Amino acid sequence: MKAKVLIIGGGVVGTSIALHAARQLDALKAPVVILERGQLGGGSSGGSGGILRQHYGDSVVASMARDSMREYSTFEGRTGRGVGFRRTGVLTLGGPSNPDSLRKIHEAIEGHNKIGIETVLLDAEQIRARVPGIEVHDDAIAAWESQGGYVDAELCVREFAALARTSGAVTRLGVAITDLIVEDGRIVGAETTEGRYDCDQIVVVTGAWMRSFLERFGIHVPVRVARVQQLFVGLPSDEEEVDSRVHDRDSYVVDLEDPLEQAADMLYSGDDEHAPGSEHPVIVDLEYGFYVRCEFARRRTRVAPIAYDQEHIFDGPDPDAKPDPELARWAREQLCRRLPMYADQPVLEQIVSWFPLTQDGRALIGPVPGYEGLYVAGGFADHGFKLAPSVGEGMAQMLGGEPVSSFDPEYFAPGRVPSEGDWSGDAYL
Ligand SMILES: Cc1cc2nc3c(=O)[nH]c(=O)nc-3n(C[C@H](O)[C@H](O)[C@H](O)COP(=O)(O)OP(=O)(O)OC[C@H]3O[C@@H](n4cnc5c(N)ncnc54)[C@H](O)[C@@H]3O)c2cc1C
């Protein structure tokens, strides 16, 4: 079998790369092929929060998140395919019990406004007006991103892959790579469980399994994984409570000059009967260290910590890992002291998943030194959805030998020497 590019891994990043690369290549000569050993979205992507926000201290990442947000928000209008994009707004919160959270918010807002990301600083009174029922200290502050929200993670991966197929890409599920075929330092193909593929470019997008995958071929990438735990609690959905939290949507959706963005803002592509605006915004709580986002379609709310102790960092995923009841208790406590409306809600489910981290908080995107034609895209921690469109565009340019316009390839070069850091994920915030 022949492929122009083999993409190993069918998560959001792999399918986004396929989508962008397939548009540029002639599928009749040789297609872009996604090889996924399980199901599309079967790795981190399927269990992801799918939160889209642009609030980062790192301006390179913030710019990519800004550009990716634009792609998500216009996706349905441009392609006729929904990815469940909901513009709930994102509130990034800081408070006096964690002075660093206040500093991060001020710094990020200053940086954002320089690169055209609409972020407004709110004081405690404005926060309370934005999220009725929230408990914040009088000296709390927040960065308010009216453009933020989330996508339906599973749907998004499926639709990216489906759109890639309309440009001639091929998805092969249940197929694993057994060997990379390298001649004179150059990739010429791969052996897989369904036979040999001849190709001159391979992109490894195996998420949390990137390190273990490449180690089999003697290639080391400086990536470890964080064991992350998500908690799902009931949504306070009784009509009165929900109604009391309905926001006047016009008050927080800023004027958009771009007609495409305007059209996207009018569209609602979720799969439940609630109109946009009838849920509280995504809250990223830098003071208490967790985030929360509603999932109306499933009548539940997702809660998770945003940084990890060293004891939660490993060299690779453990398929037998069990949820940690202590962490779940902690996350629920943080949620209820911030949003007491959840106090009576039951815990519905706890799940463990994994995401890959680098020590300096920057993903690895680009060619693997010493192997012509071998590329990686990974180490996105909990940014993979926010960045996938930009990564897909840039990687497709790289594969086509064009200058990369969607990010600085040097910044993410896999061969760089990482700065000192502690693997806790703090560098990603
Ligand atoms: C709990 C959690 C919450 C998150 N929340 C957010 C969020 O709110 N917003 C956000 O932007 N990001 C979030 N993220 C991060 C985001 O989900 C990931 O960065 C993103 O999904 C990574 O996508 P990927 O395609 O790189 O990897 P994955 O989705 O992990 O895909 C890798 C794929 O490779 C396959 N694979 C592995 N080995 C092989 C092999 N040998 N052969 C073939 N296939 C193989 C796997 O089966 C898997 O499907 C979250 C992550 C987690 C875990």
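These are my notebook entries on a predicted model of one protein chain with a bound ligand.

**Entry 1: the whole chain**

I began with the chain as a whole and looked up its secondary structure, which comes to 11 helices and 20 strands. I then checked burial, and I found that buried residues make up 57% of the 429 residues in the protein chain. For the surface, I noted that the protein chain exposes about 17,200 Å², and that carbon and sulfur atoms supply 48% of this area. I also looked up how far apart in sequence the contacting residues are: among contacts with a separation of 6 or more, 76% are between residues 24 or more positions apart.

**Entry 2: the ligand**

Which residues lie closest to the ligand? I found 37 residues surrounding the ligand, and the closest are Glu 36, Ser 44, Ser 45, Ile 51 and Lys 386. I wanted to know which elements take part, and I wrote down that α1 (12–24), β2 (32–36), β13, β18 and α11 (384–399) each supply at least two residues of the shell.

I then went through some polar contacts made by the backbone. A backbone N or O atom of Val 13 lies 3.1 Å from an oxygen atom of the ligand, and a backbone N or O atom of Gly 50 lies 3.2 Å from an oxygen atom of the ligand. For Asp 382, a backbone N or O atom lies 3.0 Å from a nitrogen atom of the ligand. Taken alone, the ligand exposes 1,000 Å², and the protein buries 97% of that area.

**Entry 3: Ser 16 and Gly 10**

I looked next at Ser 16, which lies in helix α1. Is Ser 16 buried or exposed? Ser 16 counts as buried, because its relative accessibility is 0% and the cut-off for buried is under 20%. Leaving aside residues up to four places away in sequence, I found that Ser 16 touches Phe 160, Ala 388, Pro 389 and Gly 392.

Gly 10 sits in the loop between β1 (5–8) and α1, and at 2% relative accessibility Gly 10 also counts as buried. Again without residues up to four places away in sequence, Gly 10 touches Thr 15, Ile 34, Glu 36, Leu 40, Gly 41 and Val 157. I also looked up a pair that is distant in sequence: Gly 10 and Leu 173 are 163 residues apart along the chain, and their C-alpha atoms are separated by 8.4 Å.

**Entry 4: helix α10**

Helix α10 (residues 325–338) has 14 residues, and I noted that it reaches 20 Å from its first C-alpha to its last, close to the 20 Å expected at 1.5 Å a residue. At its N-terminal end I found a cap, made by Asp 324, with a side-chain oxygen 2.9 Å from the backbone nitrogen of Glu 326.

Which residues of α10 are buried? They are Leu 327, Ala 328, Ala 331, Gln 334, Leu 335, Cys 336 and Arg 338. I kept in mind that an α-helix has 3.6 residues a turn, so residues three or four places apart point the same way. The buried residues of α10 pack against β4 (90–94), β13 (224–234), β14 (282–285), β15 (290–295), β16 (300–305) and β18 (347–357).

**Entry 5: two neighbours in sequence, Arg 299 and Arg 300**

Arg 300 has its place in strand β16, and I recorded it as buried because its relative accessible area is 13%. Not counting residues up to four places away in sequence, its contacts include Phe 232, Val 233, Cys 294, Glu 295 and Leu 348.

Arg 299 lies in the loop between β15 and β16, and at 31% relative accessibility Arg 299 counts as partly exposed. I noticed its backbone too, since Arg 299 has a positive phi of about 50 degrees although it is not a glycine. Most residues other than glycine have a negative phi.

**Entry 6: Asp 184 and the hairpin**

I looked up Asp 184, a residue other than glycine with a positive phi near 50 degrees. Asp 184 lies in the loop between β9 (177–183) and β10, and I recorded Asp 184 as exposed because its relative accessible area is 85%.

I ended with β10 (residues 186–192) and β11 (residues 195–198), which pair in the antiparallel sense over four bridges. These strands form a hairpin with two residues between them, and in β11 the bridge partner of Gly 189 is Asp 198.

Key:
Residues are numbered from 1 along each chain as its sequence is written. This is a predicted model: local features need pLDDT of at least 70, side-chain atom pairs count only at pLDDT 80 or more; totals for chains, interfaces and linings use all residues. Side-chain values use heavy atoms; hydrogens and water are left out. The expected span of a helix is 1.5 Å times one less than its number of residues. Buried means under 20% relative accessible area, exposed over 50%, partly exposed in between (1.4 Å probe, protein chains only). Contact means heavy atoms within 4.5 Å. A polar contact is a pair of N or O atoms within 3.5 Å; within protein, one must be able to donate a hydrogen and the other to accept it, and residues adjacent in sequence count only if both atoms are side-chain atoms. Two strands pair if DSSP finds at least two bridges between them. A residue is near a molecule or strand if one of its heavy atoms lies within 4 Å of it. Accessible areas come from the Shrake-Rupley method with a 1.4 Å probe; for residues, only the protein chains shown count as cover.
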